[in-house]
Amino acid sequence: MTVPGRTLRIVVADDQASVREGLVVLLGALPDIEVVASAADGRQAVDLVAEHRPDAILLDLHMPVLDGIEATRLLTAASPQVAIVVLTTYLDDASVLEALRAGARGYLTKDADRKEIAHALRAASDGLAVFDPRVHAALMNAASGAEANATAREGEPDAAADGLTQREAEILALIAQGLTNPEIAGRLFLSTHTVKSHISRIFSKTGSRDRAAAIGYAHRHGLDRLRAQPRGH
């Protein structure tokens, strides 16, 4: 987790020179962000992350040599401690889900302002998932489409997927809806410690390394539609 006041070290990767240079200037002007390197393609991005070991990378989805999805897969495997936030002009269900499955922790469109981008990078470095509202809508559309057919019964969430208990499935549903741990605790009348314990088990059972991966899992199994009910732990 990032320490309040600590400078966040990032790499910017975008094949368009004007966009890349603009992001470097805009983000570099913020007092708590240092742009340590910039890349013009996915291969450079992977190499620069290995060289500079930043806290996070802002990664364009569509780049030459190595596209953002494949670069995300390589970065997740080689540098799992580096938070990946995808920034793209394109917004479609398939690219959002593919980026999440590859290991991205955030997904923003290029009209996001520098404060939104900085917030997403810092949140991602703390293990949280941050999405543009339209990205969340795309995820919901994907979940209500073909992928919803993977549920145990048509029209019903697969709450038993990978051995999740009903409570764990409910908490995962709330994560997928964008709630924070304190918000989940308040919704279910649980302590934040209990919520954290449940989330640790959820990550273990679903093979999720962070909240972004867990959200992708929830959408694939239709768990985002599950209604949570306050009751005992």
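**Exercise 1. Which residues in α7 are buried?**

Keep in mind that this is a predicted model. Let's take the helix step by step.

- Step 1: Pick a cut-off. Buried means under 20% relative accessible area.
- Step 2: Go along α7 and list what passes. Arg 167, Glu 168, Ala 169, Glu 170, Ile 171, Leu 172, Ala 173, Leu 174, Ile 175 and Ala 176 are buried.
- Step 3: Draw the conclusion. Ten of the eleven residues of α7 are buried, so the helix is largely enclosed by the rest of the structure.
- Step 4: Peek just past the end of the helix, where Gly 178 has a positive phi of about 95°.

**Exercise 2. Work out how α7 and α10 cross, and what sits in their contact.**

- Step 1: Start with the general recipe. Two packed helices are described by the angle between their axes and the distance between the axes.
- Step 2: Fill in the values. The axes of α7 (residues 166-176) and α10 (residues 211-220) come within 9 Å, crossing at roughly 110°.
- Step 3: Name the arrangement. Angles of 65 to 115 degrees count as roughly perpendicular, and α7 and α10 are therefore roughly perpendicular to each other.
- Step 4: Find the residues. From α7 come Leu 172, Ile 175 and Ala 176; on the α10 side they meet Arg 211, Ala 214, Ile 215, Tyr 217, Ala 218 and His 219.
- Step 5: Sort them by character. The contact of α7 with α10 has seven nonpolar residues, one polar and one charged.

**Exercise 3. Put the sheet together, strand by strand.**

- Step 1: Get the order. Six strands make an open sheet, running β2-β1-β3-β4-β5-β6, with parallel pairing. At the edges are β2 and β6 (130-131), each pairing on one side only.
- Step 2: Look at β1 and its partners. Strand β1 (residues 8-13) is joined to β2 by six bridges, with Val 11 opposite Ala 37 in β2. Four bridges link β1 to β3 (residues 56-60), and Ala 13 has Leu 59 in β3 as its bridge partner.
- Step 3: Check how covered β2 is. Five of the seven residues of β2 (residues 33-39) are buried, so this strand is largely enclosed by the rest of the structure.
- Step 4: Trace the chain from β1 to β2. The path goes through α1 (residues 17-28), and this β-α-β crossover is right-handed.
- Step 5: Add the helices on the sheet. α1 lies across β1, β2, β3 and β4 (83-88), at about 165° to β2. α5 (residues 114-125) also packs on the sheet, touching β1, β2, β3, β4, β5 (106-109) and β6, and its direction makes about 150° with that of β4.

How values were computed: Residues numbered from 1 in each chain as written. Predicted model: local features only at pLDDT ≥ 70, side-chain atom pairs only at ≥ 80, totals over all residues. Heavy atoms only, no water. Axes fitted to C-alpha atoms, helices over the stretch in contact; angles between N-to-C directions. Helix = DSSP H or I, 4+ residues; strand = E, 2+ residues; numbered from the N terminus. Parallel < 35°, antiparallel > 145°, perpendicular 65-115°, else oblique. Contact = heavy atoms within 4.5 Å. Nonpolar A, V, L, I, M, F, W, Y, C, P; charged D, E, K, R; others polar. Buried < 20%, exposed > 50% of the residue type's maximum accessible area, 1.4 Å probe, protein only. Pairing = 2+ DSSP bridges. Right-handed = clockwise from strand over helix to strand, strands pointing away.
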